[in-house]
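Student: Hey, can you walk me through this one? I'd like to go over the fold and then pick at a few residues.

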Amino acid sequence: MKKKIIYGILAVVLAWGIVFAADFVTVSGLERRPVFCVQTKGSHYVGLGYAYDAYPHPINGRWEYALTVLGNMVICTFTN
């Protein structure tokens, strides 16, 4: 019984890690909006425990984003 609970928790954590990694690669590497997030306001996307603000820069067109995990900003590529 105890092993089933541990395996269940590990499976959930592994699934979350895969979803998070897929969104991170999509936003940072492919320069597109995240796949597993819900768009809330304009360019704000919310996932399970993380969120992105992502859009192309209005002048130079480069893809910029900010990643927030559990309410803490982790990465921000926005320029002035």
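Here is a chat about the sheet, the helix and a few single residues.

Tutor: Sure. Keep in mind that this is a predicted model.

Student: Okay, how are the strands ordered in the sheet?

Tutor: The order is 1-2-3-4-5, in an open sheet of 5 strands with antiparallel pairing. Strand 1 (38–39) and strand 5 are the edge strands, and each pairs on one side only.

Student: How many bridges join strand 2 to strand 3?

Tutor: There are 3 bridges between strand 2 (residues 44–46) and strand 3, running antiparallel. Within that pair, Tyr45 sits opposite Tyr52 of strand 3. The hairpin they make has 3 residues between the strands, and Gly49 has a positive phi near 90 degrees there.

Student: And strand 3 with strand 4, how many bridges?

Tutor: That pairing is antiparallel over 7 bridges. Pro56 has Trp63 in strand 4 as its bridge partner. This hairpin has 6 residues between its strands, and Gly61 in the turn takes a positive phi of about 80 degrees.

Student: What about strand 4 and strand 5?

Tutor: They run antiparallel too, joined by 4 bridges. Val69 is paired with Asn72 of strand 5.

Student: Switching to helix 1. What span should helix 1 have, and what do the end C-alpha atoms give?

Tutor: Helix 1 covers residues 2–29, which is 28 residues, so at 1.5 Å a residue the expected span is 40 Å. The end C-alpha atoms are 40 Å apart, so the two agree.

Student: Which residues of helix 1 are buried?

Tutor: Phe20, Asp23, Thr26 and Val27. The buried residues of helix 1 pack against strand 3 (50–56) and strand 4.

Student: Why would residues three or four places apart point the same way?

Tutor: An α-helix has 3.6 residues a turn, so residues with that spacing point the same way.

Student: What comes after helix 1?

Tutor: Glu31 follows helix 1, with a positive phi near 55 degrees.

Student: Back to Asp23. Which side chain of opposite charge is nearest?

Tutor: Arg33, but it is 9.7 Å away, and Asp23 is buried with no salt bridge. Leaving out residues up to four places away in sequence, Asp23 touches Pro34, Val35, Phe36, Cys37, Tyr50 and Tyr52.

Student: So Tyr52 turns up twice?

Tutor: Yes: Tyr52 touches Asp23, and Tyr52 also stands opposite Tyr45.

Student: What about Glu64, buried or exposed?

Tutor: Glu64 is buried and has no salt bridge; Arg62 is the nearest side chain of opposite charge, at 6.4 Å. Glu64 belongs to strand 4 (residues 63–69).

Student: Which side chain shares a polar contact with the one of Glu64?

Tutor: That of Thr79, at 2.8 Å. Glu64 also touches Asp53, Ala54, Tyr55, His57, Thr77 and Phe78, if you skip residues up to four places away in sequence.

Student: Last one: where is Asn80?

Tutor: Asn80 is in the segment after strand 5 (72–76). Its relative accessible area is 98%, over the 50% cut-off, so Asn80 counts as exposed.

Student: How far apart are the C-alpha atoms of Asn80 and His57?

Tutor: They are separated by 9.8 Å, with the two residues 23 apart along the chain. His57 is also among the residues that Glu64 touches.

Definitions and conventions:
Residues are numbered from 1 along each chain as its sequence is written. This is a predicted model: local features need pLDDT of at least 70, side-chain atom pairs count only at pLDDT 80 or more; totals for chains, interfaces and linings use all residues. Side-chain values use heavy atoms; hydrogens and water are left out. Helices (H or I, at least four residues) and strands (E, at least two) are DSSP runs, numbered from the N terminus. Buried means under 20% relative accessible area, exposed over 50%, partly exposed in between (1.4 Å probe, protein chains only). Lys and Arg count as positive and Asp and Glu as negative; His and the chain ends are not counted. A salt bridge is a side-chain nitrogen of Lys or Arg within 4 Å of a carboxyl oxygen of Asp or Glu. A polar contact is a pair of N or O atoms within 3.5 Å; within protein, one must be able to donate a hydrogen and the other to accept it, and residues adjacent in sequence count only if both atoms are side-chain atoms. Contact means heavy atoms within 4.5 Å. The expected span of a helix is 1.5 Å times one less than its number of residues. Two strands pair if DSSP finds at least two bridges between them.
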